[in-house]
2 protein chains.
Amino acid sequence: MVQAQTLSRNQQIVLDIIEKAKGPLKAYSILFNVQKKGINAPQQIYRALDKLIEMGKIHKIESKNAFVACRNSDCEISKATAFSICESCEMVDEISDVKLSKYLSSFNHKKGMKFKRFNLEFFGICKKCK
Amino acid sequence: MVQAQTLSRNQQIVLDIIEKAKGPLKAYSILFNVQKKGINAPQQIYRALDKLIEMGKIHKIESKNAFVACRNSDCEISKATAFSICESCEMVDEISDVKLSKYLSSFNHKKGMKFKRFNLEFFGICKKCK
DNA sequence: TTAAAAATGTTATATTATAACAAACGTTAC
DNA sequence: GTAACGTTTGTTATAATATAACATTTTTAA
């Protein structure tokens, strides 16, 4: 089961780092950042990441194997995620667009498969990098 | 530059295996399957995979680190890809839906980023697995 | 036909992620 | 309180995924 409120010590440490970061963080870069706090092994990071994802506190950017804090209350436990990714500076921005979200949530596959969840990643060059 | 027609020997071997497969294949499972053909190193697989992706012959399923053959002429060199993924049997189906593709291709981020490419992955339980 | 580009072969290593097990902590039911 | 249970932690080891670097061969195009 997923706790709604309280985070464990390691979960809180990992979430703090991800929330403070300007961009997506990789598991091992999180690890190197928390070694001073007594976390020494990848397992400890991955376990915290897994729980934080379950809770909807963070998302994994699949194309980058990296993690970002959730900035969007609409994605309710990561059922409907969309990101804008700059191929130059690696910036990732979570897209919260109700229309998009509704459109995709109600999209049904011709072959009769009912979807429970989707993840959408857009790629381009951001304004800054242009 | 990307060749339009001809594939090199290794590229053809890798593509053949992916096209014959019923589901997505992982790089190392491709490697094990082609060792009898004289391909011995991961590099050789990854190089072929990279080129095949550039050419639009295959796609990478990011959430699975696996590769499928392109079944969709509409995705023109992988600028607009969408997949339906069964969380039970791991089946992956490429979605070719012109409306969806047009809708997403013309979607523009509020923050002024122009997108060049997108990848969408839907998850659910397929008909067979229900 | 020769120079440039692409592909190959190979060894080594980097990066990402999980398995397995023992110990400590936190609930909750009694 | 304390026993029983689930969750979290710590730890060691290893699996799985992917790239670096360099020498050679093949293909293409000028």
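Which atom of DNA strand C is 2.5 Å from an N or O atom in the side chain of R47(B)? It is a base nitrogen of DNA strand C.

The model is a predicted one, in which local features need pLDDT of at least 70, side-chain atom pairs count only at pLDDT 80 or more, and totals for chains, interfaces and linings use all residues. Residues are numbered from 1 along each chain as its sequence is written, chains are lettered from A in the order in which they are written, and side-chain values use heavy atoms, without hydrogens and water.

Around DNA strand C there are 19 residues, of which K26(A), Q43(A), K60(A), Q44(B) and R47(B) come nearest; a residue is near a strand if one of its heavy atoms lies within 4 Å of it. Of the atoms of DNA strand C within 4 Å of the protein, 43% belong to sugar and phosphate. The phosphate oxygens offer two examples: one is 2.6 Å from a side-chain N or O atom of Q44(B), and one lies 3.5 Å from a polar side-chain atom of N65(A). The helix α3(B) gives the most to the surface near the strand, with four residues.

Attention now turns to the protein interior. The largest nonpolar core, a set of buried (under 20% relative accessible area, 1.4 Å probe, protein chains only) Ala, Val, Leu, Ile, Met, Phe, Trp, Tyr and Cys residues joined through side-chain atoms within 4.5 Å, has 26 residues, and L100(A), L120(A), F122(A) and L120(B) touch the most other members. In soluble globular proteins, nonpolar side chains tend to be buried together. Beyond its neighbours within four places in sequence, L120(A) is in contact (heavy atoms within 4.5 Å) with residues including F83(A), L104(B) and L120(B).

Conventions:
A polar contact is a pair of N or O atoms within 3.5 Å; within protein, one must be able to donate a hydrogen and the other to accept it, and residues adjacent in sequence count only if both atoms are side-chain atoms. Helices (H or I, at least four residues) and strands (E, at least two) are DSSP runs, numbered from the N terminus. Buried means under 20% relative accessible area, exposed over 50%, partly exposed in between (1.4 Å probe, protein chains only).
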